[in-house]
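Me: I am new to this structure and would like a close look at a single part of it. Please take the empty space inside it, and the elements around that space.

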Amino acid sequence: MAHERLSIGAEVAASLAAGGPVVALESTIITHGMPFPQNLQMARGVEQVVRDAGAVPATIAVIDGRLSVGLDSAELERLATAGARAAKASARDLAPLLARGATAGTTVAATIRIAALAGIAVFATGGIGGVHRGAERTFDVSADLLELAATPVAVVCAGAKSILDLPKTLEVLETQGVPVLGYRTDEFPAFFARSSGLRLDHRLDGPAEAARAIALHRALGRGGTLIANPIPEADALDGAAIEARIAAAVAEAEAQGVAQKALTPFLLARIVDLTEGRSLRANIALVRNNAAVAAAIALELSRLTPR
Ligand code: PSU
Ligand code: MN
C-alpha cells in the first residue's frame with residue numbers, strides 16, 4: 001500500500017503508470033551539498049539533462065510534511081534558497097520530519113527509500129555517502145550504504161569523494177551484498193578523478209547491459225545496484241591537488257569536533273572554498289553526466305519490463 005504521505009507529481013505519475021522511464025534525483029545535494037545559486041542552476045540543469053535524454057525527472061524531497069516525488073519549479077527554488085536552514089533527512093529522519101510537517105532535503109538513503117515507495121527503479125546523484133576516514137575510531141558509516149543494500153533502486157554515481165575512505169567503503173558494500181558495477185571502467189571512480197586504483201569485479205559497457213544486470217538483481221529479491229560512472233575526462237581535476245585540500249578539510253573537521261550528520265556538509269562546503277570553486281564546477285559536470293547515463297538506463301529498463 002502506498003504511504004499516506006506520498007505525493008507524486010502528475011508528469012511522474014503518468015510516466016510510471018505507462019511503464020515509462022523515470023529518474024529519481026536527491027535533494028540534500030541542493031540543500032546541503034552546494035551553495036546558492038549554483039545549487040538551483042544545477043537542480044534545474046540536471047532535470048533538463050534527463051528530459052533531453054527522453055526520461056522524466058523526479059526530484060524528491062520532504063515538503064511541508066509530505067514525501068514529494070517530482071518537485072515543481074517553485075518547490076525546487078524554495079529548497080535551494082533555504083539551503084542548510086532546511087533539515088537534512090536520511091532515511092531514519094523521514095517519519096519524525098513528516099510527523100511535524102517539516103521541509104527537508106533527502107539524502108541518497110532517504111531518496112531511494114521514497115523512490116522505491118513510488119515505484120521508481122533508477123536514481124542519479126553525484127557521489128554517495130560512505131565510510132568516513134577514521135571510521136575505525138568514529139564508526140561514521142553513511143546510512144546510504146545500508147539503505148542501498150536493502151532498497152531495490154539502481155544508484156548511478158561517480159564513486160565517492162575522497163573525504164571518505166574508499167577502500168573501506170567498497171568493503172562495506174561487499175559485506176552488504178551490493179553489486180558495484182563500473183560503467184565503462186574497471187575501477188571504482190574517485191569522484192573528481194576518473195580512477196582510484198581500486199579494481200571492481202564487474203564492468204558494464206552501456207545502458208542495455210546495465211538494465212539487464214539491474215533487472216536480474218531486482219529479481220533476486222533484495223537490494224539495489226551501484227553503477228559507478230567516472231567523471232568525463234574534460235571535467236576531471238588533478239587528483240593530487242584536490243587530495244591536499246580534502247586532507248586539510250578533514251583535519252579542520254576533526255579539530256573542530258564536527259561529527260554525525262554535520263560532517264559531510266561541512267567537508268563539502270570547505271572543499272568548495274579551498275578549491276576556489278573548481279570542485280563545484282567539476283561536481284556539477286559529473287552530476288549531469290550521471291543523470292544522462294541514468295536516463296539511458298531507465299529507457300532500456302522500460303523496454304525490458306513493458307507494462
Ligand atoms: N557526497 C557528495 N555530495 C553530497 C552528498 C554526499 O559528494 O551532496 C550528500 C548526499 O545527499 C549523501 C549525503 O546521501 O551527503 C550523505 O550524508 P552522510 O555522510 O551524513 O550520510
Ligand atoms: Mn555519518
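Reply: What follows goes from the open pocket to the enclosed cavities, then to the elements around them and a few unusual backbone angles.

This is a predicted model, in which local features need pLDDT of at least 70 and side-chain atom pairs count only at pLDDT 80 or more, while totals for chains, interfaces and linings use all residues. Residues are numbered from 1 along each chain as its sequence is written, chains are lettered from A and ligands numbered from 1 in the order in which they are written, and side-chain values use heavy atoms, with hydrogens and water left out.

Rolling a probe the size of a water molecule over the atoms shows where empty space is left. On a 1 Å grid over the protein atoms alone, a cavity is a set of points where a 1.4 Å probe fits but cannot get out, whereas a pocket is an open set with protein on both sides within 12 Å along at least five of seven lines; lining residues have an atom within 4 Å of a point. Grid points are joined across faces, edges and corners, and a volume is the space filled by probe spheres set on the points. Helices (H or I, at least four residues) and strands (E, at least two) are DSSP runs, numbered from the N terminus.

The largest pocket holds about 1,100 Å³ of space. Its lining has 49 residues, and Lys88, His132, Asp140, Gln260 and Thr264 lie nearest the centre. At least two lining residues come from each of α2 (28–33), β5 (87–89), α7 (135–138), α8 (143–150), α11 (239–256) and α12 (263–274). The largest share, 5 residues, belongs to α12. By type, the lining of this pocket has 19 nonpolar, 18 polar and 12 charged residues. Here Ala, Val, Leu, Ile, Met, Phe, Trp, Tyr, Cys and Pro count as nonpolar, Asp, Glu, Lys and Arg as charged, and the others, Gly among them, as polar.

Gln260, one of the residues nearest the centre of the largest pocket, sits in the loop between α11 and α12. Gln260 has a phi near 55°, a positive value in a residue other than glycine. Gln260 is exposed, with a relative accessible area of 70%. In these terms, buried means under 20% relative accessible area, exposed over 50%, and partly exposed in between (1.4 Å probe, protein chains only).

As for enclosed space, the whole structure has 2 cavities of 30 Å³ or more. The largest cavity, with about 80 Å³ of space, is lined by Leu25, Glu26, Ile29, Ile30, Met42, Ala43, Val46, Thr59, Ala124, Thr125 and Val287. Two or more of these residues come from each of α2 and α3, and α3 gives the most, with 3 residues. This lining divides into 8 nonpolar, 2 polar and 1 charged.

The second largest cavity has about 50 Å³ of space. Among its lining residues are Gly33, Met34, Lys161 and Phe192, and α12 and α13 each supply at least two. The lining here has 6 nonpolar, 3 polar and 1 charged.

Helix α3, residues 38–52, has 15 residues and reaches 20 Å from its first C-alpha to its last, close to the 21 Å expected at 1.5 Å a residue; the expected span is 1.5 Å times one less than the number of residues. Its buried residues include Met42, Ala43 and Val46. The cover over the buried residues of α3 includes β2 (22–25), α2, β3 (56–63), α4 (73–82) and α13 (278–304), where contact means heavy atoms within 4.5 Å.

In a regular strand the side chains alternate between the two faces of the sheet. In β2, Val22 and Ala24 point one way and Val23 and Leu25 the other, and all are buried. Two strands pair if DSSP finds at least two bridges between them. β2 pairs with β3 in the parallel sense over 4 bridges, with Val22 opposite Val56. β2 also runs parallel to β7 (residues 122–124), joined by 3 bridges, and Leu25 has Ala124 as its bridge partner there. Leu25 and Ala124 both line the largest cavity.

Most residues other than glycine have a negative phi, and most peptide bonds are trans. A cis peptide bond joins Phe36 and Pro37, with omega about 5°; Pro37 lies in the loop between α2 and α3. Just after α3, Gly54 takes a positive phi of about 95°.
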